[in-house]
Amino acid sequence: MGEGGFEQFVAARGQRLLRVAWLLTGDAHLAEDLLQTVLAKVWPKWPRIADENPEAYVRQALVHTHASWWRRRWRGEVPHGDVPDGAPAPDAYAGVDLEQTLAAAVRALPVRQRAVVVLRYFEDLSVTETAEALGCSEGTVKSQAAKALRTLRGLLPEAVGADGGERG
């Protein structure tokens, strides 16, 4: 597989990889930047990885690059509170509240737990595949998943009923 193989790979798997990037970043523009950065890093290595499992390689690169970006970002100042004298905007997207609440809760997780949740539950990878993608043990994947799910359950009980359905 040559350069054309890389283009075919990106055309076939790009949207799925962009979804992984969005789930990691929570921002469409950052997700595009993350995926573009990773694909630029992978392209020179394509002849070496094309015959292996290139999607797993790119997924792992997404997780590692995002973690690197996250570590470098300064967090000294966090804006909060309402803007004074501002009228609240009408909620034009009330139907997607649960999805947005879940996305925000996932983004609130620590980087490692978020990566495990995205790979295990959104990408539907096995424990073994997730451990390989993250470069850690299966036990680490299991413990990080358990911690993440416990945190998510603590953040989401008001939005989701005991039966898993959305509360009105």
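Start by selecting helix H6 and helix H8 (residues 138-155): their axes come within 9 Å and cross at roughly 95 degrees. Helices here, and strands too, are DSSP runs numbered from the N terminus (H or I over at least four residues for helices, E over at least two for strands). The axes are lines fitted to C-alpha atoms, for helices over the stretch in contact, and the angles run from 0 to 180 degrees between N-to-C directions. That crossing makes H6 roughly perpendicular to H8. On the scale used here, angles under 35 degrees count as roughly parallel, over 145 as roughly antiparallel, 65 to 115 as roughly perpendicular and the rest as oblique.

Before you click further, a word on the model: it is predicted, so local features need pLDDT of at least 70 and side-chain atom pairs count only at pLDDT 80 or more, while totals for chains, interfaces and linings use all residues. Residues are numbered from 1 along each chain as its sequence is written, and side-chain values use heavy atoms, with hydrogens and water left out.

**Stop 1: the H6 and H8 contact**

Show the side chains where the two helices meet (contact means heavy atoms within 4.5 Å). From H6, the contact includes Arg 112, Gln 113, Val 116, Val 117, Arg 120 and Tyr 121. Facing them from H8 are Thr 140, Val 141, Gln 144, Ala 145, Lys 147, Ala 148, Leu 149 and Thr 151. The residues of this contact of H6 with H8 divide into 7 nonpolar, 4 polar and 3 charged. In that sorting, Ala, Val, Leu, Ile, Met, Phe, Trp, Tyr, Cys and Pro count as nonpolar, Asp, Glu, Lys and Arg as charged, and the others, Gly among them, as polar.

Stay with H6 for a moment and zoom in on Arg 120, which lies over the face of Tyr 121, at 5.4 Å from the ring centre. A charge sits over a ring if NZ of Lys or CZ of Arg is within 6 Å of the ring centre and within 35 degrees of the ring normal.

**Stop 2: H5 against H6**

Now add helix H5 (residues 97-108) to helix H6 (residues 111-122): the two pack at an angle of about 135 degrees, with their axes 8 Å apart. H5 and H6 are therefore oblique to each other. Which residues meet here? On the H5 side, pick Leu 102, Val 106 and Arg 107; on the H6 side, pick Arg 114, Val 117 and Phe 122. This contact of H5 with H6 holds 4 nonpolar, no polar and 2 charged residues.

**Stop 3: the loop after H6**

Follow the chain on to Asp 124, in the loop between H6 and helix H7 (127-134). Asp 124 has a positive phi of about 60 degrees although it is not a glycine. With 63% relative accessibility, Asp 124 counts as exposed; the scale calls a residue buried under 20% relative accessible area, exposed over 50% and partly exposed in between (1.4 Å probe, protein chains only).

**Stop 4: an aromatic cluster**

Next, select Phe 6, Phe 9 and Trp 46, which ring pairs link into a cluster. Rings of Phe, Tyr and Trp (its six-membered ring) pair if their centres lie within 6.5 Å; planes under 30 degrees apart count as stacked, over 60 as edge-to-face and the rest as tilted. By this rule the count comes to 2 aromatic pairs. Phe 6 and Trp 46 have ring centres 5.3 Å apart and planes at 75 degrees, so the pair is edge-to-face. Phe 6 sits in helix H1 (residues 3-25) and Trp 46 in helix H3 (residues 46-49), 40 residues apart, so the pair links distant parts of the chain. Phe 6 counts as buried at 10% relative accessibility, and Trp 46 counts as buried at 1%. The pair of Phe 9 and Trp 46 is tilted, with 5.2 Å centre to centre and 40 degrees between the planes. Phe 9 lies in helix H1 and Trp 46 in helix H3, so this pair ties together parts that are 37 residues apart in sequence.

**Stop 5: Glu 55 and Leu 30**

Go to Glu 55 in helix H4 (residues 54-72). Is Glu 55 buried or exposed? At 14% relative accessibility, Glu 55 counts as buried. Not counting residues up to four places away in sequence, Glu 55 touches Phe 9, Arg 13, Arg 16, Leu 17 and Glu 123.

Then pick Leu 30 in helix H2 (residues 28-42). Leu 30 is partly exposed, with a relative accessible area of 38%. Leaving out residues up to four places away in sequence, Leu 30 touches Thr 25 and Trp 69.

**Last stop: the whole chain**

Zoom out, and the secondary structure comes to 8 helices and 0 strands. Buried residues make up 35% of the 168 residues in the chain.
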